[in-house]
Amino acid sequence: MKELLIRSASGLVLVGVLLGCVFASPWAYEALLLFIVAVGTFEMSRLMQMDSPVGICIGEAFSLSTFALAALVALQVIGNRWLLLELPLLMVPFLYALFSVKHAAKPIFTYLYSSLLFLSLPSSLMLFMYRIDLFGGLAGPGLIILVFCLLWVNDIFAYLTGRLLGKHKLFSRISPGKTIEGSIGGLVFTIIAMVVFVHFAHWLPIVDAIGMAAIAVVFGTLGDLCESMLKRQAGVKDSGKLIPGHGGILDRFDSVMFSMPFIFVYLLLL
């Protein structure tokens with residue numbers, strides 16, 4: 001009971017901070033994402049067993065610089081052409097591996113590019129969701145919160161359905177607690193929630209809304225499984241201890257970070 005109360009309290013605080021930053025301004029949300037990228041990259045170093053202080057510092061600089069550059073473009077502080085600077089930044093892992101004495105190339109690439117793809121890239125894409133020139137009437141805080149809500153609904157109902165009806169393991173090798181029944185329940189209830197939402201909000205045609213919900217659930221679940229895989233291979237229960245009852249940044253944001261590129265592209269193609 002005590003653990004449940006701690007988890008609930010910290011979850012409410014986290015949701016409050018998230019909502020406050022998203023609705024306050026793009027800059028407030030950018031500051032929160034900068035913090036998430038910084039802490040998440042440090043947690044990734046733990047999962048990838050990067051024990052070199054120099055390597056961790058280079059990883060932080062790599063993640064934060066790639067995110068900051070994309071964030072400035074997203075917030076229209078600098079022009080889109082500045083994104084071309086991301087190309088030379090992508091060569092940093094090769095240069096570090098070339099001059100590294102302690103670590104081989106493979107662990108370095110795994111650590112740095114995992115941080116980029118799991119944290120920096122998805123975080124910057126969320127800031128682009130404020131852009132009216134990209135998303136029209138959908139753009140703004142509501143779109144970002146909608147993505148989080150879809151994933152929260154999936155998490156809640158996948159857990160409840162799994163507890164009530166779960167018999168068949170979804171991916172026992174990686175996450176013994178997840179069941180096929182729970183995943184189906186999460187998907188069904190998320191789609192229902194999305195249908196109810198667009199019925200009143202009229203943001204998207206019903207078919208497009210269902211597609212968005214399905215993408216969020218499927219790739220959010222895959223993101224959760226991928227992070228579980230990394231933790232299992234690293235021999236740790238949680239990616240960190242920052243959020244009481246929840247673990248680390250990666251534990252809490254794995255599904256949204258993994259699904260964000262797929263949702264982003266889907267919405268742009270509509």
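**Helix α11 and its surroundings**

Met257 lies in helix α11. The structure is a predicted model, and this residue offers a starting point for reading it. Met257 is counted as buried because its relative accessibility is 1%, where buried means under 20%. Leaving out residues up to four places away in sequence, Met257 touches Ile36, Phe118, Leu119, Pro122, Ser123 and Met126. With respect to Val15, Met257 stands 242 residues away in sequence, while the two C-alpha atoms are 16 Å apart in space.

The helix that holds Met257 also packs against another helix. Helix α11, residues 249-269, meets helix α8, residues 141-165, at an angle of about 125°, and their axes are 10 Å apart. The two helices are therefore oblique to each other. Their crossing is right-handed. On the side of α8, the contact is made by Leu143, Val147, Phe148, Leu151 and Asp155. Helix α11 contributes Arg252, Phe253, Ser255, Val256, Ser259, Met260, Ile263 and Leu267. By character, the residues of this contact comprise nine nonpolar, two polar and two charged.

Leu267 leads from this helix pair to the interior of the model. Apart from neighbours within four places in sequence, Leu267 is in contact with Met129, Phe135, Leu138, Leu143 and Met212. One of these, Leu143, belongs to the α8 side of the helix contact. The largest nonpolar core has 64 residues, and those touching the most other members are Tyr29, Met129, Met194, Met212 and Leu267. Leu267 thus appears both in the contact between α8 and α11 and among these residues of the core.

Methods. Residues are numbered from 1 along each chain as its sequence is written. This is a predicted model: local features need pLDDT of at least 70, side-chain atom pairs count only at pLDDT 80 or more; totals for chains, interfaces and linings use all residues. Side-chain values use heavy atoms; hydrogens and water are left out. Axes are lines fitted to C-alpha atoms, for helices over the stretch in contact, and angles run from 0 to 180 degrees between N-to-C directions. Helices (H or I, at least four residues) and strands (E, at least two) are DSSP runs, numbered from the N terminus. Angles under 35 degrees count as roughly parallel, over 145 as roughly antiparallel, 65 to 115 as roughly perpendicular and the rest as oblique. A crossing is left-handed if the near helix is turned anticlockwise from the far one by less than a right angle, and right-handed if clockwise. Contact means heavy atoms within 4.5 Å. Ala, Val, Leu, Ile, Met, Phe, Trp, Tyr, Cys and Pro count as nonpolar, Asp, Glu, Lys and Arg as charged, and the others, Gly among them, as polar. A nonpolar core is a set of buried Ala, Val, Leu, Ile, Met, Phe, Trp, Tyr and Cys residues joined through side-chain atoms within 4.5 Å. Buried means under 20% relative accessible area, exposed over 50%, partly exposed in between (1.4 Å probe, protein chains only).
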